[in-house]
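Subject: The structure, and what turned up in it

Hello,

Here is the structure I promised to pass on to you. Have a look around first, and then read on with the viewer open.

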Amino acid sequence: MSQEQAKKCEDGIKYGDVFDVSGELANQPIAPQDAAMMQSSETTLVGHTLKGGPAAVMQSAATRNERAGVVGHKDLTDIVGDEGMTAVETNLPGKRILTESVAGQVIGKYTEDVSTEKTPTAAVRVDNVIIDDKITIGEALEASALAAGEKPVDQSDAAAIQAAEVRATRSNVIIPGGVAATAQSAANANARMDRNEDKTELADILTDAKTKLPADKPVTQQDAEGVMGAELRNNPNLATHPGGVAASVVAAARINERASK
């Protein structure tokens, strides 16, 4: 092993090792929650993680860094937490451009030729199938299952999921056996368990959430504020989880707002 390789193993895989970035970001090791946030952004925008895209690269790097002891499973890079990351779609006549950025620096940009015939202005095209340009609450919940699926369900998650279900169904009645009721039961049961491996995780509740909701609707800023408030009020630290329920719904609302302009 060369000295350079040994140094990389010791310091972990940094943003500058895999992306064309500079400054403080370039010297930061990629952390698991960084990867989770990008995965959530990608999935919310295009419906899945792009093969070989920034989220996949970050996940691979973060996994290696965690195994090497450079970062912890719940670590989030400070600059990412402060400045965030985005996955934004721009539609031009005959072209679709996806731009992904971390802390204001572009780490991925993709251009795809698309048919202009009857294509909505802000539609997402995946595998040649045109999907409605507005991300729904159910889809945002599914994105959370991907980005933070291993998180044990707690009261803040249950509250956020309930707020999301109420807004999706436009009813204050909690559906027996629905995602909100299941999440609340899981949170109550998890609180009595000591070992995390025995607890119900977000992915157990929110995978295929869209099909579990009797009704759904596009995410609005008001929906995002309601879900965010519910998660914050029920978290002892008054914080939301990176890539969690509130974060995914907020990301979806921002994308929908941009698509409406």
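Below is a short tour of charged pairs, rings, a surface patch and a few single residues.

Please keep in mind that this is a predicted model.

**Salt bridges**

Let us begin with charge. Side chains of opposite charge can pair when their charged atoms come close. How many salt bridges are there by this rule? The count comes to 6.

A good one to find in your viewer joins Lys 217 and Asp 223, where the closest N and O atoms are 2.5 Å apart. Are these two partners buried or exposed? Lys 217 has a relative accessible area of 12%, so it counts as buried, because buried means under 20%. Asp 223 is buried as well, at 7% relative accessibility.

Next, turn to Lys 210 and Asp 216, whose side chains form a salt bridge with an N to O distance of 3.3 Å. Here Lys 210 is partly exposed, with a relative accessible area of 34%, and Asp 216 is also partly exposed, at 24%.

A further salt bridge links Glu 197 with Arg 195, at 3.5 Å from N to O. Glu 197 has a relative accessible area of 57%, so it is exposed, because the cut-off for that word is over 50%. Its partner Arg 195 has 46% and is partly exposed.

Salt bridges can also be joined up. Which residues are linked in a network? They are Lys 151, Asp 154 and Asp 157. One of them, Asp 157, sits in helix α8, which covers residues 155-169. Asp 157 is buried, with a relative accessible area of 1%. While you are there, look across to Ala 180: it is 23 residues from Asp 157 in sequence, and their C-alpha atoms are 9.5 Å apart in space.

**An aromatic pair**

Now for the rings. A pair of aromatic rings is described by the distance of the centres and the angle of the planes. The structure holds 1 such pair. Its members are Tyr 15 and Phe 19, with ring centres 6.4 Å apart and planes at 35 degrees. Why is this pair called tilted? Planes under 30 degrees apart would count as stacked and planes over 60 as edge-to-face, so an angle of 35 degrees makes the pair tilted. Both rings belong to buried residues: Tyr 15 has 0% relative accessibility, and Phe 19 has 10%.

**A negative patch on the surface**

For a change of scene, go to the surface. Glu 24, Asp 78, Asp 82 and Glu 83 form a negative patch there. Which helix gives the most to this patch? Helix α6, residues 78-83, does, with 3 residues. Glu 24 comes from helix α3, which runs over residues 23-26.

**Some residues in loops**

Two residues are worth a look for their backbone angles. Ala 103 has a positive phi of about 50 degrees although it is not a glycine. You will find Ala 103 in the loop between β2 (95-102) and β3 (105-113), and it is buried, with a relative accessible area of 9%.

Asp 208 likewise has a positive phi, near 60 degrees, and is a residue other than glycine. This residue lies in the loop between α10 (202-206) and α11 (209-212). Asp 208 is partly exposed, with a relative accessible area of 45%.

Thr 136 is in a loop too, between β5 (129-131) and α7 (137-147). Its relative accessible area of 10% makes Thr 136 buried. You have already met its neighbour in this next value: Thr 136 and Lys 210 are 74 residues apart in sequence, and 8.3 Å apart in space from C-alpha to C-alpha.

**One last stop**

To finish, find Met 228 in helix α12, residues 221-233. Met 228 is partly exposed, with a relative accessible area of 25%. Along the chain, Met 228 and Ala 239 are 11 residues apart, and their C-alpha atoms are separated by 9.4 Å.

Enjoy exploring, and do write back with any questions.

Best wishes

Technical notes
Residues numbered from 1 in each chain as written. Predicted model: local features only at pLDDT ≥ 70, side-chain atom pairs only at ≥ 80, totals over all residues. Heavy atoms only, no water. Salt bridge = Lys/Arg side-chain N within 4 Å of Asp/Glu carboxyl O. Buried < 20%, exposed > 50% of the residue type's maximum accessible area, 1.4 Å probe, protein only. Phe/Tyr/Trp six-rings, centres within 6.5 Å; stacked < 30°, edge-to-face > 60°. Patch = residues over 30% accessible without salt bridge, like charges linked within 9 Å, V, L, I, M, F, W, Y side chains within 5 Å. Areas by Shrake-Rupley, 256 points an atom, 1.4 Å probe, with all protein chains shown as cover. Lys, Arg positive; Asp, Glu negative; His and termini not counted. Charge placed at Lys NZ, Arg CZ, Asp CG, Glu CD. Helix = DSSP H or I, 4+ residues; strand = E, 2+ residues; numbered from the N terminus.
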